[in-house]
Amino acid sequence: MDRRNFFKASLGATVASAAALASSSVQARPNLEPAPDAVGMLFDATLCVGCKACVTKCKQVNGMPPVPMGGDVHADFALDLSAQTLNVIKVHAEGKGAVKDVLVDGFSFEKRSCMHCVDPGCVSVCPVKALKRHPGTGIVSYDVDACIGCRTCMTGCPYNVPQYDYNNALGKIHKCQMCNQKGVERIDQGMMTGCAEACPTGATLFGTRAALLEEAKRRLALKPGQVYNYPRGDVRKPDSFHEKAVPEYQRTVWGEKEAGGTNVMHLSSIPYDKLGMPPLGERSFASISEGVQGTVYNYMALPAIALGGLTWLVRRNIEGGHDEGGKQ
Amino acid sequence: MAKDSNFSFDASTDFAAIEQRLGVSRRTFLKFCTGVAASFGLGTKAAFAMAEAIANPAKRPPVIWLHGQECTGPTESLLRSEQPTFEHLILDLISLDYHQTLDAGAGHRVEAVKREAMEKYKGKYLLVVEGAIPLAQNGIFCKIGGQTMMDATREAAENAAAIVAFGSCASWGGVQSAAPNPTGATGAPQFLKGKTVVTIPGCPPNPANFLGTVLYFVTYGKLPPIDDKGRPKWAYSRLIHENCYRRPHFDAGRFATQFGDEGHRQGWCLYKLGCKGPETYNNCPSLEYNNVGGGVWPIGVGHPCFGCSEQGTGFNKPMFSLAEVKTHTPPNAFPNIADRQNPTSSTVVAAAAVAGAAVGAFLGATAVAGKKLDGKQAEASQSADKGA
C-alpha cells in the first residue's frame, strides 16, 4: 500500500467509526428501572413546620455533632449538607416572607438530603464502585473501605448531595444512606428512617416508592381546601393521622420522573426550581454518559482507531525524516 | 397626696391607713405593687404610682359589670385571685357598682342602682363585659330585667370611660360562637364597632391579666397599649410556644405521642397531641394560673394547650389536630436555599498552610542540597584540574 492509499483507507475507517459512534450513542442504554422493593420517602413541604426534629434525629442516628454558631452549641445552625450534616431544613422566602407555601411575600421549607436516585449519577461515575445502589431496596449506599477519595461522585450528583470531609486528612464522602448503613440498619430491622420517625406532621413520610407515589398522587388529586387525613410515619402502616386542609400543590411529584426518578420524592406548593431543584429532563445523566462511554470503549474500537492513527502519524514522520536524511 | 411627676410619696401618704384598710403591711403592699408593675415590664416608678393610686380611694373608678352568654368563669377565676384578692379589688381598687353575680340586692332595685350609677358617673365608669352577646332574632336569647344583652351593652358602652371584654366569650364570642352558632353569639369588640374595647381572652382568662389592665387604668387613667385584637400587649404579645418550657423538646424532636406514653411521662413536647401553643398568644407559660404554683396550667400538667384565648383556634379547631406553627423563633434559624456550607473553614486553611509549608520546605531543602552538590562537584572538578 502506498502512502496515498493508506491515508485514504485510514480516513475512511475514521469516518465509518464516527458514524457508528453517532448512531449508537442515540441508542444508549435506557434509564434504570426502580428497584423491585424500592424504599423511599415523601417530603411534603406544605406539611413541614420547620421544627427541625428530623435534623436532630438524623444527627443522633448517625452520631454527628450539631454545627454550632459562635458559642451556641445547643442548637444546630448547619447551612447546608456537609460531612456532619446529612439532612437539613432550608427555607425559600420572597418579599415579606410572611405566609407559608405562597410564592409572593411567602415562604416554604425544603428538606435537603440524598434523593436516592433510581438511576444514580454518583454510582455511575464512581471508579471503584464504592457507591452502590442496593439491588433490592434501591438505597444508594457508600462503602468507605473501597473509596479512594476522588470526589467524582460530588460532580456526578445533580443535587449536590455527597459531601467530602475536607477537615479530615483521611477524609471520607458523607451522604444519607437511609439509616441502613452498617451498624444502623434500621430498614433491615423493619424500622423506618430516623427523620420520618421524628417528623411530627408526616411531612417526611417513609414507605415503599410505589406506595409513596400512590399517596403523592392521591394528594394531587384532592381539591384544595378539602380536609385530608394525612398519615405520619410509615405510609403503609401509619402510627397516626392528622387532619389538614389540602393546599394548592404543584401539579407534579418531584422525583417521579426527574432524571430517571428518585426514591425520595417531594411535593410543594411553590415551583420546585425555587426550592433549589435543578432543571432536569427525564433521561438520567448516568444513562447518557454510560451510553457515550460504553460506545467509545466498545470492543476498544475507538482506542484502536486512535492508536492506528497515531502509529501512522509517527511512522510517516519517521519515514519523512529518513527521506530527508537520505537526500542530505 | 403626691402629685409630682416622679411618683414619690409625700408625707401625707397615709400608709398606716392603708395597712389597716388592706390588712397588709406596708412592705407587703409595696411588694405587690412592684410585682404588678414588673409584670408589665415597668419600673419602680410605676410601682409607686400604682401604690399611690391604690392608696387613694378617691381614684377608685366605678365599674359596671355585665354578664352575657357565659359560664361566669371569668368572675369565678377572679374570685380566686390572690394578687390582690378579690375583696381588695372590689373594696379598695374599684367601686363595683353593678355586678349581676355578686350584687347582694336583686330585681328592679339593682337595675335602678345600675342606671343611677351610669347617670352619676357618666363618662367616668369602667364597663366590664363578661360573656357573648347574642344577636340572632334581636338578641332574645339573653335577657336581664327584660332588657336584651344587646341593648344593655349598647346602653352601658355609650358613656363608659373604658370598656374591657373579660374572657373569650366577651372578646370574640367564645364557645357559643362556634358553628353553627344558632344564637348569633358575638364578642363585645365586634358588637361595639368603632369603640375601643380591651379584650382579656381566655377560658377562663388569667385574672392577673385583668387585674394588671385595671390597675393600669386606675393608675394612669388610660388603657395600656393594645394590639389589633384589643389585647394588652404586655400579656398577649407572645405565642405560648415561644416561652413554653417544653419548647426545647420540640426543637429536639422529642414528642409525646400518646397520653401516658414514655415521652409524655418524661415531659416531652405535646405538639403531636394537638398542642395549640404555636398559634395561641398568651402569657400562660410565664404566669401559669392563679398562683397555684407547681406548674399548674394546661401544658404544665401534661395536657396540650387548647388555644382557649385565640379566636379561630379554641372551640373551633379539633382538640387533637395539629397546630400551625405561626412564627419561628430562635434557636430555629433556617438557611436559605442558596446557602452553602463553606468547606474552606479555618482548619482547612491551616491544613493547607501546613501542607504548603511542608512542600516549600522540601523544595527549599532540595534546592539547597542541589546547590551543595553543585558546589562539591565544582570543588571536585577544581581539585581534579589542580591535580592535572
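**Exercise 1. State which residues A:Leu42 is in contact with, leaving aside its neighbours within four places in sequence, and place A:Leu42 in a nonpolar core.**

Step 1. Two residues are taken to be in contact if their C-beta atoms, placed from the backbone, lie within 7 Å. With those sequence neighbours left aside, A:Leu42 is in contact with A:Leu205, A:Leu212, A:Glu215, A:Ala216, A:Met265 and A:Leu267. The model is predicted, so local features need pLDDT of at least 70 and side-chain atom pairs count only at pLDDT 80 or more, while totals for chains, interfaces and linings use all residues. Residues are numbered from 1 along each chain as its sequence is written, and chains are lettered from A in the order in which they are written.

Step 2. A nonpolar core is a set of buried Ala, Val, Leu, Ile, Met, Phe, Trp, Tyr and Cys residues joined through C-beta atoms within 7 Å, where buried means that 20 or more other C-beta atoms lie within 10 Å of the residue's own. The largest such core has 93 residues, and A:Leu42, A:Cys122, A:Leu131 and A:Met265 are those with the most contacts inside it. Domain 2 (60–236) and domain 3 (238–331) of chain B both give residues to this core, so it lies between them; the domain bounds come from an automatic or database assignment.

**Exercise 2. Describe the open sheet that has β1 of chain A in its strand order, and the helix that packs on it.**

Step 1. Strands are DSSP runs of E with at least two residues, helices are runs of H or I with at least four, and both are numbered from the N terminus. The sheet has three strands in the order β9-β1-β12 (chain A), with mixed pairing, two strands being paired if DSSP finds at least two bridges between them.

Step 2. At the edges stand β9 (204–208) and β12 (264–267) of chain A, each pairing on one side only. Five bridges join β1 (residues 39–44) of chain A to β9(A), and the two run antiparallel; A:Val39 stands opposite A:Thr208 in β9(A).

Step 3. Helix α6 (residues 209–221) of chain A packs on the sheet and touches β1, β9 and β12 of chain A. Its direction makes about 130 degrees with that of β9(A), on a scale from 0 to 180 degrees between N-to-C directions, with axes fitted to C-alpha atoms, for helices over the stretch in contact.

**Exercise 3. Find how many residues of chain A are in contact with chain B, and which strand gives the most.**

Step 1. The contact joins 33 residues of chain A to 27 residues of chain B.

Step 2. On the chain A side, β2(A) gives the most, with five residues.

Note on methods:
Buried ≥ 20, exposed ≤ 12 C-beta atoms within 10 Å, placed from the backbone.
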